[in-house]
Amino acid sequence: MNISVEQTIHLTTKNTQLSLLVLDSGHLLLGYFGKKIGEVSLAYVVEEIQRASYMADTDGIKDFKLEQLPNLYPAFGNPDLRTPAHLERDASGSAIADFRYKSHSFSNEKKPLKELPYCQSQEDVTTLTIILEDALTKNELAITLSAFEKQDVFTQSVCYHNHSEATIQIENMQSLSLDFLSDRFDLITLNGAWGRETKINRRPLVQGIQGVDSKRGASGHGQNPFIALVDPQTNDEQGTAIACSLLYSGNFQASAEVDMHQNTRLQIGINPFQFSWELVSGDSFTTPEAVFFYTDQGLNTLSQTFHRFYQNCLLRGPWAKKSRPVLLNSWETFYFDFNREKLEKLAEKAKEIGIECFVVDDGWFSKRADSSSSLGDWVPNEAKLGGSLTDVIQSIHQKKMLFGLWLEPEMVSPDSDLYRNHPDWIIQSPGRTPQLIREQYVLDLSLKEVQDHLIVVLTTLLKTYKIDYIKWDMNRNMTDLWSGGLPENRQNELAHRYILGLYRILEEVTQAFPHVLFESCAGGGGRFDPGMLYYMPQTWTSDDSDAISRLSIQEGTSFVYPPVAMSCHVSAVPNHQLGRMTSLNTRTTVAQQGNFGYELDLNQLSKSEEDELKQQIVSYKKERETLQFGIHYRLSPYDKNQVAWQKKNEKTGDIIVSHVTILVQPNTVQKRLKLEGLNPQASYSFENTVRTGSELMEIGLMIPRPSHDFYASQWFLKKVKE
Ligand code: GLA
């Protein structure tokens, strides 16, 4: 192609490399992204691209086809007619912009992001900032790329500076846009619905746009702000993959666009649907941060890279690295139907059994007896609690358990004092009846007075009572989008301003009470995303607590998120969502994949169940370090009727293997399960046997014959000799 490369800029991590090319025209290209190959000049990669027909020339140069080149952050208005990463509109109505390279600089720090979650590290980080400028307006795009050396991970955020006199409307600004000169990829996304979140969805790319997005005001149950392109041959154990995740909890999009010449554009960012942002002269706009990386070590490494990175560089506060307590939650135990006597009886038993945190879920406040009232009125119902909340908390603390409480701060019931006093604080459109979902409205968190009110209510609650844990719920999505606080030309800012308002509240409250363990929830995993994890280090994974449903939900969630961030509880049988019967052993094995707890009436257990449960808690506490923070591997059992996973304690080398057969079948011969990531020379002891790491990885463990459906087995392997 008739182009010439002026400079190559390399940004590397321990094993990977991102190389950018600046053309003499000022266009910025992605020269290379993959395994480390050294600081070579990569000009030939784009210079050798042969011209295809029927595309616009660039800058009047025949044979300079920008649309065929791997652009790094293409704005609309240039001859590249694929989906742009940036689109703005000026006062004339023109959406043409033309950003060219102006300068770049390196630093050894990772700066905080204004009003948004971001990753940071004490270890080596190199940050590359590239400034692109539009010569006509003098407006600038600052692309900030950070390389986390030891983590093998990159982050990117883009900031738009309006240096002109005029006001600009931003209509699309993605966090990341990468072009690859191939379409030989499978696309992986996480999809589902309420009660069946995060199924791993893998399919080959086809020409056109494919991906996931949310228009619900939250990241949502149906899709997760994550996307990966992987080689069709890639599996858990080997192969290449490029993964992207977005630190954002609202409307997002993640897409792969295959063009007519088998090139792929990968993007992730705020959903441009119903989004715009008015940027006045002198102002700036920053996108959420995207996290992305390349691996050639397969999908287990992809998941482990996310786990390590989010564990070390995203989760904050004293709880980030601390063992999480075994918890009992009152929701599936009593729903709304409890009183002091019931709570006391449950707490007595909880203490006896070894529970460490006792959580009172929905129903403790105002006159809330079902979902029809009281959200917004966060005042303890002393009649129901048989005294003050302080009394209840004291009684739990006397039993040497932590005390936890459920809240849904972003919502209001029509039947509440908060709504009666402030009917204008909800999201609603003028002249229209706002829609109810679960009998509640969404508070307009873009309004400063609503944010301030919630900060005062929450900090007062946490100052008044000795609360150790908060479950922060959010049980409906947004409809009727319109805000009384915004002029008509800024209404498309509401969904993003809501998230910025939410982040402000979360920052104030979680930073003021760092000892409190916050758990996020949105009807289960309706907002299980890295944005929420920045403020709250764990999330309720799904409202479906059935052990068999949880196999795929937890497999999908832990595809990206650290298992310790994933709350998993043992609930009663028949299961309340599905009516399925599973053994206590199976429910426990599955719940121990993540952050373990219970959600059932302990007083309904038989003596033998109670003894089994006590034993499970004793053994869980012994193995907690490995189960919560161990390196997580998906193992490949023989067929789809089985699921298996493994945890490896990085310090001791101890291994815990879990296996579930879903349906028992007649006349089958059991197969073996090969382990992963062991030291081949080391010896491991279990069940009166000693085997080497090599044997366990090459020959594997014999899976016991299941005696009934939903049959779980676990192996605890101690590393005895290096
Ligand atoms: C949501 C949560 C549940 C429970 C209820 C209470 O559905 O996901 O765990 O807290 O709200 O209303």
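User: Which residue offers a polar backbone atom to an oxygen atom of the ligand, and at what distance?

Analyst: In this predicted model, where local features need pLDDT of at least 70, side-chain atom pairs count only at pLDDT 80 or more, and totals for chains, interfaces and linings use all residues, the contact can be read as a polar contact, that is, a pair of N or O atoms within 3.5 Å. Residues are numbered from 1 along each chain as its sequence is written, and side-chain values use heavy atoms, with hydrogens and water left out. The backbone partner of the ligand oxygen is Gly-524, at 3.2 Å.

User: How much of the ligand does the protein bury?

Analyst: Accessible areas come from the Shrake-Rupley method with a 1.4 Å probe. The ligand taken alone exposes 300 Å², and of that area the protein buries 97%.

User: What distance separates an oxygen atom of the ligand from an N or O atom in the side chain of Arg-438?

Analyst: Side chains also supply N or O atoms to ligand oxygens, and for Trp-406 the distance is 3.1 Å. For the side chain of Arg-438 the corresponding distance is 2.9 Å.

User: Where does Pro-574 lie, and is the peptide bond from Val-573 to Pro-574 cis or trans?

Analyst: Pro-574 is placed in the loop between β28 (566-571) and α12, with helices (H or I, at least four residues) and strands (E, at least two) taken as DSSP runs numbered from the N terminus. The bond from Val-573 to Pro-574 has omega near -10°, and it is cis.

User: Which residue has a positive phi although it is not a glycine?

Analyst: The residue sits in the loop between β5 (99-107) and β6 (125-134). With a phi of about 65°, it is Glu-115.

Key: Polar contact = N/O pair within 3.5 Å; in protein donor to acceptor, adjacent residues only side chain to side chain.
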